[in-house]
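Colleague: I would like a close look at one part of this model, the strand pairing in one chain. Please take me through that, then show how the part sits in the rest.

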Amino acid sequence: MRHLGRALLVIAIASPGATATATPIGLSDRCPASFEQRDGRCRLRTAYSQYQSLRNAGVGGLKTGLPPFRDGFTPREIDLGRYLFFDPALSSNGKVACSSCHNPAKAFTDSRGTSTGVAGHEVKRNAPSLWNVGFLQRFFWDGRAHSLEEQVQGPLYGAAEMGTTPVRLVATLNGIPAYRSLFTLAFPDAAAAIRNDHVYRALAAFESSLVSLNSRYDLYAQGVGDALSPHELEGLNIFRSFVARCAECHTPPLFTNQQVAVIGMPEPSGRPLDPGAGAIANEPMLRGGFKVPSLRNVALTAPYGHAGQFATLRETVAFYTGGRGHAVPRGEQLRIHWHIWEPKLSEQELDRLVDFLGTLTDESFRPEPPTAVPSGLPVPH
Amino acid sequence: MNKKAIVSLVVVAVLAAAAGYLYARRSVVAAPQVAAQSTSAGLAAARGAGAGGSTASLETGRPAGKIITVKAGEAIQSAVAAAQPGDTVQVLPGTYHETVYIDKDDIALVGVIHGADWPTLDGERKRNDAVLYSGNGIRVENLKIVNFKGNAIMGQAGNNFIIRHNWIANAGVYGIFPEFAQNGLIEHNILTGIEDAAIYVGMSDNIHVAHNEVYGNVAGIEVENSRHVIVEHNLAYDNAGGILTFITPGLPIKTTFDVIIRDNFVVANNHKNFGAPGSIVSGVPSGTGVIVMAADDVIIENNVIRDNKNAGIIVADHKSFANITPDPEADPNPDRVSVLWNLFANNGYEPITEIKALMVAALTREGPDLVAVGGGTGNCVLDKGALKTLGLGSWASGCAKTSTADIATYLLDKPAPPRVLKAEDRGKLIYSSVCAGCHAYNVRMIGPPTQVIQAMYAGNPQGIADYIANPTKKREDFPPMPPQGHLSADLRLAVATYMLGVSQPKPPAAAN
């Protein structure tokens with residue numbers, strides 16, 4: 001009954017007087033910026049495509065190729081994913097969309113320490129930015145998922161996040177005629193029924209289209225010597241120095257080496273230690289370990305840390321010079337990563353690091369949120 | 001067999017009087033097979049490039065350029081900023097206080113030494129690294145580098161490099177550290193007082209380390225998560241550990257294989273381990289000549305390995321290293337390690353507790369030339385009976401490959417390829433990765449459609465190239481275009497030419 005009512009609402013709003021077969025919303029046949037359309041599929045093209053990386057690992061220095069990328073989606077899959085991403089119909093109460101916690105206006109985060117899901121449930125970790133997720137090999141702070149399709153099921157079905165179920169999700173979407181037509185446009189075999197894997201693939205397609213590789217840092221990396229100010233260059237040299245060692249884990253060009261590291265960040269006050277990857281791998285030596293996040297657009301994604309422990313970048317970089325294991329709770333024996341040491345960075349050096357991190361900002365290809373979504377529900381923001 | 005942590009953070013009692021031990025111990029020299037020795041010596045000469053010369057040379061493909069001279073009181077970085085690919089920055093004697101970074105290709109940074117006067121980069125214990133480079137074809141030569149907090153010379157993804165004839169003392173982390181590099185030569189350097197590895201080849205391929213003297217460091221030479229590396233003709237003494245080759249877990253490149261350690265002197269590496277707490281090398285027991293941890297296809301041949309108080313060679317898996325966090329994506333075992341003919345003498349005279357326990361279990365009072373702990377398959381030693389060994393139960397006596405003489409070097413015949421595409425390909429990349437953010441083929445986005453621009457500039461790519469360098473606002477209903485003057489003239493022309501040829505993308509295949 002509820003689904004039917006919602007579907008009628010869409011048609012009433014979007015296409016008054018239209019024939020029954022008209023779709024209120026169509027799908028783009030163009031690839032997003034940074035993609036070239038080849039044989040109907042979108043292939044990533046960036047200045048980094050001209051470079052190699054050692055053993056194709058996508059880690060190195062300035063002129064280094066990127067890690068393997070998830071592309072080859074069709075423009076329609078990507079655009080369908082965009083509608084789904086902003087549509088709160090995907091949640092159990094019709095109020096939370098992917099974009100609620102991954103807001104494009106906030107660099108695909110929610111600017112909160114930890115996020116809030118359906119019915120005010122608190123999520124225990126910080127919502128990561130989605131810029132450049134198409135390059136990632138593992139997902140979530142603890143690295144437990146290994147594809148975007150696997151990842152999207154976490155928030156969709158997490159009781160504290162979007163709180164829906166696999167059955168309910170497709171029942172909802174199949175009950176919305178506009179989605180029936182859109183899914184059929186993107187996936188011919190969805191004509192019979194929308195399946196869960198269609199939803200995952202469309203969301204994966206949209207998320208992998210979020211590419212940010214045109215920052216001022218990138219200009220410098222491509223050989224534009226004056227793209228960075230003297231302070232920023234000083235920051236770059238501190239960043240890649242073996243004293244600060246930032247680049248050893250936040251390795252260019254993606255500014256992550258995609259590994260799990262135990263660095264001993266503090267928890268928000270009053271919270272017990274989050275075991276992170278240690279609980280996933282059942283490996284005591286990974287207790288307190290988290291996936292190294294990319295620093296692309298990091299100046300826009302405060303607060304920082306797996307639970308948003310640090311309000312500013314300045315506080316975050318200062319953590320690394322606070323002493324090896326200085327924030328580890330008493331009684332915990334964490335195997336702190338060898339790159340966490342006593343770099344004794346000066347206040348000025350910390351300032352310069354923050355200056356440099358600001359050069360990783362680029363949102364030139366930020367997608368437009370739809371003005372209306374197929375469910376007809378209000379788009380959260 | 002006790003597989004428990006053989007190498008641990010346990011600090012062995014400081015070596016009080018090495019000389020005393022030396023005198024007390026009988027000199028045990030593994031009796032080499034005469035045939036093996038002479039074969040090895042003959043081929044060693046055959047692969048040499050001449051008396052005293054290096055066995056390897058590296059072709060950088062570097063173009064010839066001009067020389068920019070830097071005098072004392074001037075900044076080396078200013079000369080680097082002015083240099084073009086192919087140029088040489090020539091540094092005259094004097095003391096320089098700066099970090100030099102080279103983010104362009106084919107630059108040589110070469111010191112001029114007058115008698116005892118070196119060009120010296122002095123970090124005064126407050127600067128981070130002395131030389132950082134990311135370009136291909138970088139050469140760093142004839143510099144004295146002292147007192148930096150981090151590394152003396154560090155490369156990040158710079159291929160085809162040469163680092164030689166440098167004298168490096170008292171670096172806080174590494175002396176010479178190429179990372180993510182392919183094809184590089186490190187030779188004739190002297191390094192001492194380095195608080196981690198003096199020469200550290202990290203996550204690199206095709207590297208040759210020869211004729212270096214490393215002493216008084218935590219580790220002499222370390223080859224980690226790297227492939228096709230030869231370490232030969234080096235002198236490693238008085239370090240805590242002499243020559244190491246590891247797979248360190250938790251790094252993005254997870255293999256080490258095809259490493260040859262040959263013709264080195266690995267002598268009396270009994271220095272107190274002064275590595276930073278938590279560092280991997282802080283777990284290296286003082287007194288160890290060579291350590292192979294988890295690395296595969298390592299050949300140790302024709303070295304002189306003597307007077308290392310803990311052990312001559314340790315071959316270990318990850319589990320046996322107490323401070324190693326496991327990595328499910330990295331193979332923890334050393335496989336197909338070959339210990340060929342080497343001269344061993346007087347090793348293992350004061351082993352750590354864990355090795356002592358192995359000795360008790362093996363009913364021997366002799367410390368080891370060669371000890372293996374943990375897993376690993378396909379390992380061999382040329383003549384097991386000739387050495388003092390521990391834990392070699394699964395090792396074969398006799399190796400299929402008995403000499404590395406057929407492998408002169410793993411350096412590439414031709415330099416790793418340059419990083420520049422043809423202009424037309426770069427034009428396409430720039431169009432797709434930059435222009436397309438605002439210009440779609442036939443749809444209005446932030447800027448006017450490409451189709452409209454094509455009509456305006458038909459046959460005139462130079463017109464676009466000139467306009468985008470310094471755009472003026474042309475249309476009331478569009479925002480001004482951001483200038484693209486940072487692109488070189490030929491790139492602007494390339495992208496303009498590409499833009500004029502862009503056609504409507506084909507729609508996706510019809511629904512089936």
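Modeller: Start with strand 24 (residues 265-267) and strand 27 (residues 304-306) of chain B. They pair in the parallel sense, over 3 bridges. One of the partnerships can be named: Val267(B) has Arg306(B), in strand 27 of chain B, as its bridge partner. Keep in mind that this is a predicted model.

This pair belongs to an open sheet in chain B. The sheet has 10 strands, in the order 3-6-9-12-15-18-21-24-27-30, and the pairing is parallel. Strand 24 therefore sits between strand 21 and strand 27 in that order, given that strands count as paired when at least two bridges join them. At the edges are strand 3 (94-96) and strand 30 (343-345) of chain B, and each pairs on one side only. From one strand to the next, the twist averages 10°.

Chain B holds another open sheet. Here 11 strands line up in the order 4-7-10-13-16-19-22-25-28-31-33, again with parallel pairing. Its edges are strand 4 (100-102) and strand 33 (389-390) of chain B; each has a single partner strand, so one side of each has no neighbour in the sheet.

Inside this sheet, look at strand 10 (residues 153-156) and strand 13 (residues 176-179) of chain B. They run parallel and are joined by 4 bridges. Ile153(B) has Ile176(B), in strand 13 of chain B, as its bridge partner.

Now the chain as a whole. Chain B carries 8 helices and 34 strands. Of its 512 residues, 55% are buried. Consider the contacts in chain B between residues at least 6 apart in sequence: 57% of them join residues at least 24 apart.

Strand 10 of chain B also leads to the other chain. The interface puts 54 residues of chain B in contact with 53 residues of chain A. Strand 10 of chain B supplies at least two residues of the side that touches chain A, and so does helix 5 (423-433) of chain B. Helix 5 of chain B gives the largest share of that side, 5 residues. By class, the side of chain B that touches chain A has 28 nonpolar, 19 polar and 7 charged residues.

Across the interface, chain A is assigned two domains: domain 1 (2-208) and domain 2 (216-360). Their centres, taken over C-alpha atoms, are 28 Å apart. The contact between them involves 32 residues of domain 1 and 30 residues of domain 2 of chain A. On the side of domain 1 of chain A that touches domain 2, the residues divide into 12 nonpolar, 13 polar and 7 charged.

One helix pair in chain A deserves a stop. Helix 4 (residues 148-157) and helix 7 (residues 196-208) of chain A pack at an angle of about 105°, and their axes are 9 Å apart. That makes helix 4 of chain A roughly perpendicular to helix 7 of chain A. Helix 4 of chain A makes the contact with Leu148(A), Glu149(A), Val152(A) and Gln153(A). From helix 7 of chain A come Tyr200(A), Arg201(A), Leu203(A), Ala204(A), Glu207(A) and Ser208(A). By class, this contact has 5 nonpolar, 2 polar and 3 charged residues.

Back to the part you asked about: strand 24 and strand 27 of chain B run parallel, within the open sheet of 10 strands.

Definitions and conventions. Residues are numbered from 1 along each chain as its sequence is written. Chains are lettered from A and ligands numbered from 1 in the order in which they are written. This is a predicted model: local features need pLDDT of at least 70, side-chain atom pairs count only at pLDDT 80 or more; totals for chains, interfaces and linings use all residues. Axes are lines fitted to C-alpha atoms, for helices over the stretch in contact, and angles run from 0 to 180 degrees between N-to-C directions. Two residues are in contact if their C-beta atoms, placed from the backbone, lie within 7 Å. Ala, Val, Leu, Ile, Met, Phe, Trp, Tyr, Cys and Pro count as nonpolar, Asp, Glu, Lys and Arg as charged, and the others, Gly among them, as polar. Domain bounds come from an automatic or database domain assignment. A residue is buried if 20 or more other C-beta atoms lie within 10 Å of its own, exposed if 12 or fewer, and partly exposed in between; C-beta atoms are placed from the backbone. Angles under 35 degrees count as roughly parallel, over 145 as roughly antiparallel, 65 to 115 as roughly perpendicular and the rest as oblique.
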